[in-house]
Amino acid sequence: MYSNDDFALMTRALALAERGMYTTTPNPRVGCVLVRDGRVIGEGFTQPAGSDHAEVRALKDARARGIDVRGASAYVTLEPCSHVGRTPACAHTLVQAGIARVVAAMEDPNPRVSGRGLEILRAAGIEVRCGLLESAARELNIGFVKRMIQGRPWVRLKVAASLDGRTALANGRSQWLTGPEARRDGHRWRARACAVLTGVGTVRADDPQLTVRAIETPRQPQRVLLDSKLAASPEAKIFDDGAALVICASDDGDAAPRAARLRERGAEVVALPDADGRVDLAAALDLLGAREINELHLEAGYKLNGAWLRAGLVDELLVYMAPSLLGNHALGMFGLPALDTLDARIKLHFHAVEAVGSDLRLLLRPTDGDETVPAILQPAVPTPPRA
């Protein structure tokens with residue numbers, strides 16, 4: 001059994017981990033709290049790649065306060081790493097520091113760790129427990145977890161719609177369907193992603209920047225454009241400041257001059273064709289996973305949205321629902337084929353529902369079964385024991 005103090009301290013570690021929401025990628029977001037005799041003596045969270053991990057930051061914090069950490073307990077939101085990469089192995093660092101007890105929220109899904117960090121701690125005589133607030137820790141690093149297990153990023157499809165499921169008028173106008181609070185919230189989700197992806201139709205219709213502007217962020221996500229025939233104008237805003245990745249079906253033959261102009265704008269052009277001469281979406285995910293993209297944020301039109309859903313490649317829908325009606329002639333959210341039976345429908349369950357300003361934010365995930373109780377009606381984290 002975990003105590004009330006255990007729950008409180010791991011909750012604090014999770015809050016610290018969230019402070020690395022926009023900065024730790026491609027590494028996971030991790031927080032660490034050091035405690036001795038019921039008093040917090042050090043705290044830290046993972047810094048940008050190549051810098052200190054959470055455990056090291058917490059140890060440095062304690063030492064900066066002049067506190068000896070020997071005999072202390074460490075609460076960490078992810079199993080301490082066991083391998084030497086850009087930084088030393090945290091498991092060995094905790095052993096050398098004289099830590100007596102480690103409570104981890106979850107095992108590290110990284111195949112190079114995957115329980116080895118906990119084994120190192122136990123072999124050194126350290127008391128180890130794992131699994132406290134695991135679901136909350138997993139949600140915080142859901143993209144990292146998927147990439148470690150499947151080699152692909154977590155795919156989040158964002159769309160703003162009216163109550164009748166429409167995203168824009170028949171003439172394409174959609175600004176602004178939702179209120180300022182929802183738009184700002186959308187930029188927070190964009191900022192936490194490693195990459196933001198759209199299609200050539202959206203670029204030609206709206207000329208979006210695909211950057212984070214409504215909130216402060218220390219880094220901009222990678223911009224990705226799916227453009228089978230390289231039809232986007234080199235002057236589109238998505239190519240401002242360079243660094244855009246364009247995935248096409250072919251960059252030779254008639255497309256070669258267009259590819260050259262995009263490269264002159266600083267874009268990288270990669271051809272990933274499928275059997276029909278379109279962009280291979282699954283191959284695009286493999287490419288992004290190999291480039292250490294943890295979370296992929298989709299902001300596209302209904303045709304490309306539908307293509308991702310039909311391919312079964314969407315992990316989560318982020319839907320902002322505005323309290324308005326646009327009518328049957330307005331554009332829809334997803335380009336999906338007509339169904340003959342309800343059994344063929346794409347089934348989803350509500351993961352979370354929250355009011356954002358005057359709008360409603362829905363987080364939905366595909367499901368194979370019937371969800372009788374939406375996750376929003378269940379406790380977000382395990383309830384700690386009563387004193």
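In this predicted model, the side chains of Asp240 and Arg265 meet in a salt bridge, with 2.9 Å from N to O. The pair joins distant parts of the chain, 25 residues apart: Asp240 sits in the loop between strand S9 (222-226) and strand S10 (245-248), while Arg265 sits in the loop between helix H9 (256-264) and strand S11 (268-271). Asp240 counts as partly exposed because its relative accessibility is 33%, and Arg265, at 24%, also counts as partly exposed.

A further salt bridge brings together the side chains of Arg291 and Glu268, at 2.6 Å from N to O. Arg291 belongs to the loop between helix H10 (281-290) and S12, and Glu268 to strand S11, so this pair ties together parts of the chain that lie 23 residues apart in sequence. Arg291 is partly exposed, with a relative accessible area of 36%, and Glu268 is partly exposed as well, with 34%. Elsewhere, salt bridges with shared partners link Arg29, Glu139, Arg156, Arg192, Glu295, Glu316 and Arg365 into one network. In total, the structure holds 24 salt bridges.

Within that network, Glu295 is a good residue to follow. Its side chain meets that of Arg156 in a salt bridge of 3.0 Å, N to O. Here too the partners come from distant parts of the chain, with Arg156 in strand S6 (residues 154-162) and Glu295 in strand S12 (residues 295-298), 139 residues apart. Arg156 is buried, with a relative accessible area of 2%, and Glu295 is buried at 1% relative accessibility. Both values fall under the 20% limit for a buried residue. Glu295 also forms a salt bridge with the side chain of Arg29, at 2.9 Å from N to O.

The overall layout can be described next. The domain assignment gives domain 1 (4-145) and domain 2 (151-366). Taken over C-alpha atoms, the centres of domain 1 and domain 2 are separated by 34 Å. The two parts meet through 13 residues of domain 1 and 16 residues of domain 2. Between them, domain 1 and domain 2 bury about 1200 Å², with 50% of this area on carbon and sulfur atoms. The interface of domain 1 and domain 2 has 2 salt bridges across it, and 7 residue pairs are in polar contact between the two domains. On the side of domain 1 that touches domain 2, helix H5 (134-140) and helix H6 (142-150) are the elements that give two or more residues. Of these, H6 gives the most, with 3 residues.

Attention now turns to the annotated positions. The unreviewed UniProt entry lists Glu55 under "active site". Glu55 lies in helix H2 (residues 54-64) and is buried, with a relative accessible area of 4%. Leaving aside neighbours within four places in sequence, Glu55 is in contact with Cys32, Val76, Leu78, Pro80, Cys90 and Leu94.

The unreviewed UniProt entry also carries the annotation "binding site", which covers His53, Cys81 and Cys90. These residues span 38 residues in sequence, yet no two of their C-alpha atoms are more than 9.2 Å apart, so they gather at one spot. His53 is found in the loop between strand S2 (39-45) and H2, and it is buried, with a relative accessible area of 18%. Cys90 lies in helix H3 and is buried, with a relative accessible area of 1%. When residues up to four places away in sequence are not counted, Cys90 touches His53, Glu55, Val56, Pro80 and Cys81. The contacts of Cys90 thus include Glu55, listed under "active site", as well as His53 and Cys81, covered by "binding site".

Leu78, one of the residues in contact with Glu55, completes this part of the picture. Leu78 lies in the loop between strand S3 (73-76) and helix H3 (90-97) and counts as buried because its relative accessibility is 5%. Not counting residues up to four places away in sequence, Leu78 touches Pro28, Val30, Glu55, Met106, Glu107, Asp108 and Pro109. By contrast, the C-alpha atoms of Leu78 and Gly172 are separated by 45 Å, with their positions 94 residues apart along the chain.

Technical notes: Residues numbered from 1 in each chain as written. Predicted model: local features only at pLDDT ≥ 70, side-chain atom pairs only at ≥ 80, totals over all residues. Heavy atoms only, no water. UniProt positions renumbered as here; feature names shortened; annotations may be inferred. Helix = DSSP H or I, 4+ residues; strand = E, 2+ residues; numbered from the N terminus. Buried < 20%, exposed > 50% of the residue type's maximum accessible area, 1.4 Å probe, protein only. Contact = heavy atoms within 4.5 Å. Domains from an automatic or database assignment. Buried area = accessible area lost by both parts, 1.4 Å probe. Salt bridge = Lys/Arg side-chain N within 4 Å of Asp/Glu carboxyl O. Polar contact = N/O pair within 3.5 Å; in protein donor to acceptor, adjacent residues only side chain to side chain.
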